[in-house]
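Open the structure in your viewer and keep the selection tool at hand. The stops below are meant to be taken in order.

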Amino acid sequence: MSITIDIEKLTKTFGEEVAIEDVSFQVKPGELFALLGPSGAGKSTTLNCISGIVKPDSGDIRADTVSVLDIKPQYRDFSMVFESYALYPHLTVAENMGFPMKAPLRSGEMTPEEMKKRIQETAVMLEIPELLDRFPKELSGGQKQRVGLGRALVRRPKLFLMDEPIAHLDAKLRHHMRGELKKLVKDLGITTVLATPDYNEVVAMADRALILNNGHLEQIGTPIELYNNPVNEVVANAIGDPPINLLDCAIEKADGKTNLKGKGFTVACDKKLESVIESNNVTEELVFGMRPQDVSIEKDAGKGLIQGEVYVFEPLGGEAVATIKVDEKLVKVVCPWEDKLSIEEKVGLNFSLENVHIFDKKSGLALYT
Amino acid sequence: MANRKIEDIKHRPKWHITLVLIIAIVVFNFPIFWILATSVKPSTLITESKPVWMFRPTLTHYIDLMTGSSERVEQSTKGDFDFFAYLANSFIISISTTIIAIALAYPAAYSLARFRTLGDNYSFWVLSIRMLPPVVFLIPISILFALYRLMDTRIGIILAYLTFNIPFACWIIKSFIEDIPMDLEKAAMIDGYSQWQVMLKIIFPLTKSAVAAVMIICFIFSWNEFLFALVISFLKSTTLTAGAAQFVTGYGIRWGKISAACIIAILPTLTVGLVGQRYLVRGLTMGAVK
Amino acid sequence: MAEVVLDQVWKIYGRTVEAVKGLNLDIKDGEFVAILGPSGCGKSSTLRMIAGLEEITRGELSIGGKIVNDVEPGDRDISMVFENYALLPHMTAYDNVAFPLSLRGFDKNEIDKKVREISKLLDMDYMLEELAASLGGGERQRVGIARALIRQSSVLLMDEPISHLDAALRAKTRTELVRLQKVLGVTTVYVTHDQLEALAMADRIAVLNFGELQQFGTADELYYAPANKFVADFVGEPPMNFVHCTLQRKNGDIRLFSENLAFDITLEGEDARRVVPSFKEGKVWFGVRPKDITITASSEENYCGENLAKSLVLNFEPGCEHSIIEGKIDDNRILIQCEPNLTFKDDEIVYLDVTAKRFHLFDYETEKSILEQKI
């Protein structure tokens, strides 16, 4: 029963604030599609438009090519899981889960026995059958989240929307639920849209994702595409922890060689990079990007491509993050905990030009990744 | 100064508080006690200049009240004191006011809480009606009612009481509704419920204590109300409170009968209050803390 | 000198709630010590006792060599940064920072000088004239820190100061705080429930659980040589795996096996000698971190290998820098961290080498470590 969802140029303004603008994407049947962005980016607004709670200013939302824009939320046959779980406090778990099926507009669709059976099945699927007679206030965060899921899935809806569903669970449970959620949704074959600010979730769960920033769509692609080939600085920054290091630089031609020169560093370009620069006729200012995982520390400062001074060394258990000051900019590097760098130690940074990203400073667009 | 911490304060002896409470109870309940005493005191002893404490109690006043007999010498233009009719009126009016107030105020409160109905200041506008001294409305209502033949009707009194009860109910219920997270309504709508159904099935059950508190207060207010009942009612629609005014006659005040009427009048509200005090506290305080 | 020493310190609320039990901590001058533990473990109570906001039920607290149990908070030469910043909202950032000094009657010019100094250090110049109520979370937190630092007291106390910031701001502020402390060299006691913060920032970390000290050591000691199962489980993300098994000694070798023998390995020689002699035989927890597990083979046929653990793949979570497998060894759920370009299917069997890198053993009953570790 999985459907295709087409979102076309969705725009919504609240008063003077533009929440989302010209957002378009398509979710294929049975796909798990993620909306990734920081808080305030417009993810919830997008989900609320799709569910029908909020009416967009312009744009269209189509389910299997039929527009649902004028259909009230209760008739759209979508379901949603909320960050706050939104369980009905005055109903038991079983009653919470049965609530959607008992809606007046669905009266007659299922007999009470069928409803009971469906609730039982769903509870077993989510491993909560023993909780059916409890009230929400007696449950832990993880249990509440599963009840919320149960209530959303009990109807076998056409589209499943999730708004930061596992944000408030502890680390162990979050890992576990990422896998569970993905399996659940794939087993049932329901088209799903997931909103999250956590790129780890996107990488672990989503087939494809959309990067949202200040209401604008930046890029759509598989998690790997977004990580390896970000189309601009915003996308490069959105995926990866610690986030990508971005340093301003400009082209310098000296002695027949092309260099990237920035505050406190000069890096020679290789043939590949040179040809990209030539072909794009770049003379503008650029932004040079390196992921902390792609940089290594060289204790002998002279041996590194870039020199800097240790600003802070933070061991994180097993590995460490060193913040190196290059002129005035701070560059983060993931390195082994054994390095044990001390503040103000002079070190060198090494990396391969293969892993470097170059962006145009003005437009933010990627020229080389 | 030694470090005085929270633990020290906890161990303060309790007798201070007990004493204060006892004094408060005595002070607040003395009038009621006095009225109770007066209602069973023979008439002759009531008007003694020195208060008489020891006497043989009598039920004469209560009996006279209910049968409408004796003391016929001074009939006020309002006619016989028909105890049971008045009692019935009080009940009918109070209960009707309460039910109608809730029925109308609840959707209004929901609308004010959730939608920007008529602007952000409208709710304050509506609720400020309650802040005016009721006496301000007395003359306008009298004129209006006379015009529309609502004088001396139960409906008339109910309408008058609703003027105050609806804004009050609206105010309390609105702040209660505002405390309920909107996610619940969003979830219910997506689950397949219309706005009305959401209000009835989700919001209403969650505001039960506020509704109970409001109902208790509306009932008590309507039952105790005197001024409007006195002015509007005449013969058919007289309430117990208004009726008791009959005992203020040209020939003197019938203290015994008034006291008896008061005691009987207090009983329903006392019962409602005692039974519902749990809801009262919960209902009023949760709405007030923002 | 500003060392802080807790000697058998107890905190009992009412007459029965033992929030802190016999805590011994010696914090050296200039050291950054984190007090780490889950909510309710007694860490905030401990900090508040050091500050003087809570009475010490039993035991001695000394700051700078002097016993300060009965000394007023204001006289202890300490400053504190609170979880909710505790700023005066109607005053400007400048006034908030100047408050401790103006309260003590310092000269106006001197106050101004000190405020400007601190402001430069914390990059606050642009917001000095703003009302505290109009500042964002990260900015308020800086004002809170500046206010705490302005008196240049010997000891700085911080109670979960960055827990209410969003993830990006928290990482940034954490980096800044580490540097600040190193530069200023002030003795710092930092309370947190986030093990990552503790590991990144502190010279030494005191782990508390239910009011009892579990371990007090450097980040390395806690991570690589946890004293008991609680510390092993609490420190490190993703958390350590535990397999319930039985330990048997045989001719100098040690055999560890689980109930249904999905886990059956033998420790020989050097490794075997690391098990404390006082533990003869019995039930133990075998601990190994997800990244210390090596996947040697995966196949559906029965693989007869030596010293390997067999795990069922329950779930595979792909990642950019590494992927995570959720697996099961008999009834024990585990996580395995592996290279990002590998993939595994559900219900596949994988064979793991769990002793190639670091591993741990804990007594099942006491949960104490029974394996000597080298860092």
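The tour covers chain C, then a helix of chain A, then a residue of chain B.

**Chain C as a whole**

This is a predicted model. Select chain C and orient the view along its principal axes: the C-alpha atoms fill a box of roughly 80 × 45 × 35 Å. Colouring by secondary structure should bring up nine helices and 20 strands. Of the 375 residues in chain C, 44% are buried. Among contacts in this chain with a separation of 6 or more, 65% join residues that are 24 or more positions apart.

**A four-stranded sheet in chain C**

Next, pick out the open sheet of chain C with strand order E2-E1-E4-E5, whose pairing is antiparallel. Which strands form its edges? They are E2 (17-27) and E5 (66-67) of chain C, each of which pairs on one side only.

Now select residues 4-13 of chain C, which form strand E1. Seven bridges link E1 to E2(C), again in the antiparallel sense. To look at a single bridge, show C:Tyr13 together with its partner in E2(C), C:Val17.

**Helix H3 of chain A**

Move to chain A and select residues 112-125, helix H3. The helix has 14 residues, and the distance from its first C-alpha to its last is 20 Å, close to the 20 Å expected at 1.5 Å a residue.

Which residues of H3(A) are buried? Show A:Ile119, A:Thr122 and A:Ala123. Looking down the axis, you will find them on the same side of H3(A), because they cover an arc of only 100° around the axis. The cover over these buried residues includes two other helices of chain A, H2 (93-98) and H4 (141-153), so add both to the display.

Then turn to the face of H3(A) directed away from the buried side, where the exposed residues A:Glu113, A:Glu114, A:Lys117 and A:Val124 are found. Before leaving this helix, select A:Glu127, which follows H3(A) and has a positive phi, near 60°.

**B:Thr44**

For the last stop, go to chain B and select residues 43-46, helix H3 of that chain, which contains B:Thr44. Is B:Thr44 buried or exposed? It counts as exposed, because it has 10 C-beta neighbours inside 10 Å, and the cut-off for an exposed residue is 12 or fewer.

Finish by drawing a distance from the C-alpha of B:Thr44 to that of B:Ala260. The two residues are 216 residues apart along the chain, and their C-alpha atoms are separated by 15 Å.

Conventions. Residues numbered from 1 in each chain as written. Chains lettered and ligands numbered in written order. Predicted model: local features only at pLDDT ≥ 70, side-chain atom pairs only at ≥ 80, totals over all residues. Pairing = 2+ DSSP bridges. Expected span 1.5 Å × (residues − 1). Buried ≥ 20, exposed ≤ 12 C-beta atoms within 10 Å, placed from the backbone. Arc of directions from axis to C-beta. Contact = placed C-beta atoms within 7 Å.
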